[in-house]
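Please open the structure in a viewer and keep the selection tool at hand. The tour below proceeds stop by stop.

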Amino acid sequence: MTAETSTATAPGMRLNGGMETSKVSPSADRTVRILNHLAEHADQSFTFSQLRRDLGMSSGTLHALLASLVKASYVRRNPDSLTYSLGPALLAIGAAARSGYRLGDDLVPEMERMSAELGLTCHATVTQNDEMVVIARSGPPEPFGRRVRVGERYPLIPPFGTAYVAWSDPPSIDAYLARSDPPLSPDDRERCRHALDCVRQRGYAVSLNPSTRHRVGELMEGSDDWSGKELGALLSELAHEEYVLADLSPGSSYDVMSMTAPVFGPDGSVLALLALANFPRAVSAEAIPALAARLRQATVIPGARTSTGSDPAQLAV
């Protein structure tokens, strides 16, 4: 099963994984610990004694490592307060990471495993200028739905992309809801907010397959143009339907279009979404949590963490 990927990049992240079987240099490991500690408390500065206490290093070791980092401008030593913080040289490194890091390379192996296990397609998207762009796809041919293509773009407007928006601050959520054209009614806006709350609480989104969604798929077949008047009317209609499943009812089954979960960066921001799609039959309410748990496992990238800062290994539905 071959995955398709694009060269789209995502914001830089700190990664701790890779080369697990190689011998680790104690000195390099201590240097990484210093930088990670300063990065995790970027709004603070630390005295030498505080760093020695927090990191548990000897004075001689810590002094030597800090001297090297300060000389290279990776760490800044304030001459007045004699405290340490991140240095300006890291700005260039961060810029290089943003331009060269390929998020899809970390996501695809687990996407392929998940598709093989579940017999479903999986695709990854990132956001660019209020659009969602597909950067990778894995899984079997799609006899039950419209084929998702790498490089395809979708508008980030209600009701799409709820798993991107659910963890945003209130002004960003307001801006997202305001993109609906025509504007959402007070009832529709409240329903969308409730759906966003449910997505945030559960950690994943379930999108249903209302009749309007089928008409959107037919209209978009073979096209990337989302600006047509007829399509705009359908998208507006879709925003007023029950597109995002908010509350699960035991004993019920759902015509699920997709299940999506966020890929979090080290700072808790959403870097990308992973989506399972093309379910061949209705999905029971009881089966959804297990599928979501498997999907969320696939979103964990070495060195990243969840939106709450917890250990990725502890992800649960």
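The stops that follow cover helix packing, a pair of residues brought together in space, the nonpolar cores, the salt bridges and the cysteines. Please bear in mind throughout that this is a predicted model.

**Stop 1: helices α1 and α3**

Select helix α1, residues 26-40, together with helix α3, residues 59-71. Two packed helices are described by the angle between their axes and the distance between the axes. Here the axes lie 10 Å apart and the packing angle is about 70°, so α1 is roughly perpendicular to α3. To display the contact, show the side chains of Ser 27, Arg 30, Thr 31, Ile 34 and Leu 35 in α1. Their partners in α3 are Thr 61, Leu 62, Leu 65, Leu 66 and Leu 69.

**Stop 2: helices α1 and α2**

Keep α1 on display and add helix α2, residues 48-55. The two axes come within 11 Å and cross at roughly 110°; α1 and α2 are therefore roughly perpendicular to each other. On the α1 side, the contact is formed by Arg 33, Ile 34, His 37 and Leu 38. On the α2 side, Leu 51, Asp 54 and Leu 55 take part. Ile 34 thus appears in the contact with α2 and also in the contact with α3.

**Stop 3: Ala 42 and Ser 85**

Next, select Ala 42, in the loop between α1 and α2. Ala 42 is exposed, at 55% relative accessibility. Then select Ser 85, which belongs to strand β3, residues 84-86. Ser 85 is buried, with a relative accessible area of 17%. How far apart are Ala 42 and Ser 85 in sequence and in space? They are separated by 43 residues in sequence, while their C-alpha atoms are 7.2 Å apart. To see the surroundings of Ser 85, show Leu 38, Gln 44, Ser 45, Val 75 and Arg 76, which Ser 85 touches when residues up to four places away in sequence are not counted.

**Stop 4: the nonpolar cores**

Move now to Met 259 and Leu 274. Within the largest nonpolar core, which has 58 residues, these two touch the most other members. Centre the view on Met 259 and display its contacts beyond four places in sequence: Tyr 204, Ala 205, Val 206, Leu 274, Ala 275, Leu 276, Phe 279, Ile 288, Leu 291, Ala 292 and Leu 295. A second, separate core has twelve residues, including Ile 34, Leu 38, Leu 55 and Tyr 84. Of these, Ile 34, Leu 38 and Leu 55 were also shown at the contact between α1 and α2.

**Stop 5: the salt bridges**

Side chains of opposite charge can pair when their charged atoms come close. How many salt bridges does a search of the whole structure find? The search finds nine, and three of these pairs can be inspected in turn.

Begin with Glu 117 and Arg 294, whose side chains meet at an N to O distance of 2.7 Å. Glu 117 lies in helix α5 (residues 103-118) and Arg 294 in helix α11 (residues 288-298), so this salt bridge ties together parts that are 177 residues apart in sequence. Are these residues buried or exposed? Glu 117 is exposed, with a relative accessible area of 51%, whereas Arg 294 is buried, at 12%. Add Glu 110 and Arg 113 to the selection, and a network of salt bridges linking Glu 110, Arg 113, Glu 117 and Arg 294 comes into view.

Proceed to Glu 131 and Arg 153, a salt bridge in which the closest N and O atoms are 3.1 Å apart. Glu 131 lies in strand β5 (residues 131-138) and Arg 153 in strand β6 (residues 153-155), so the pair ties together parts 22 residues apart in sequence. Glu 131 is partly exposed, at 28% relative accessibility, and Arg 153 is partly exposed at 32%.

Finally, select Arg 191 and Asp 188, whose closest N and O atoms are 2.9 Å apart in a salt bridge. Both residues are in helix α8 (residues 186-202), three residues apart, and are therefore separated by about one helical turn. Arg 191 is partly exposed, at 30% relative accessibility, while Asp 188 is buried, at 11%.

**Stop 6: the cysteines**

Close the tour by selecting Cys 122 and Cys 198. Cys 122 is buried, at 0% relative accessibility, and Cys 198 is buried, at 7%. A search of the whole structure finds zero disulfides.

Technical notes: Residues are numbered from 1 along each chain as its sequence is written. This is a predicted model: local features need pLDDT of at least 70, side-chain atom pairs count only at pLDDT 80 or more; totals for chains, interfaces and linings use all residues. Side-chain values use heavy atoms; hydrogens and water are left out. A salt bridge is a side-chain nitrogen of Lys or Arg within 4 Å of a carboxyl oxygen of Asp or Glu. Helices (H or I, at least four residues) and strands (E, at least two) are DSSP runs, numbered from the N terminus. Buried means under 20% relative accessible area, exposed over 50%, partly exposed in between (1.4 Å probe, protein chains only). A disulfide is a pair of cysteine sulfur atoms within 2.5 Å. A nonpolar core is a set of buried Ala, Val, Leu, Ile, Met, Phe, Trp, Tyr and Cys residues joined through side-chain atoms within 4.5 Å. Contact means heavy atoms within 4.5 Å. Axes are lines fitted to C-alpha atoms, for helices over the stretch in contact, and angles run from 0 to 180 degrees between N-to-C directions. Angles under 35 degrees count as roughly parallel, over 145 as roughly antiparallel, 65 to 115 as roughly perpendicular and the rest as oblique.
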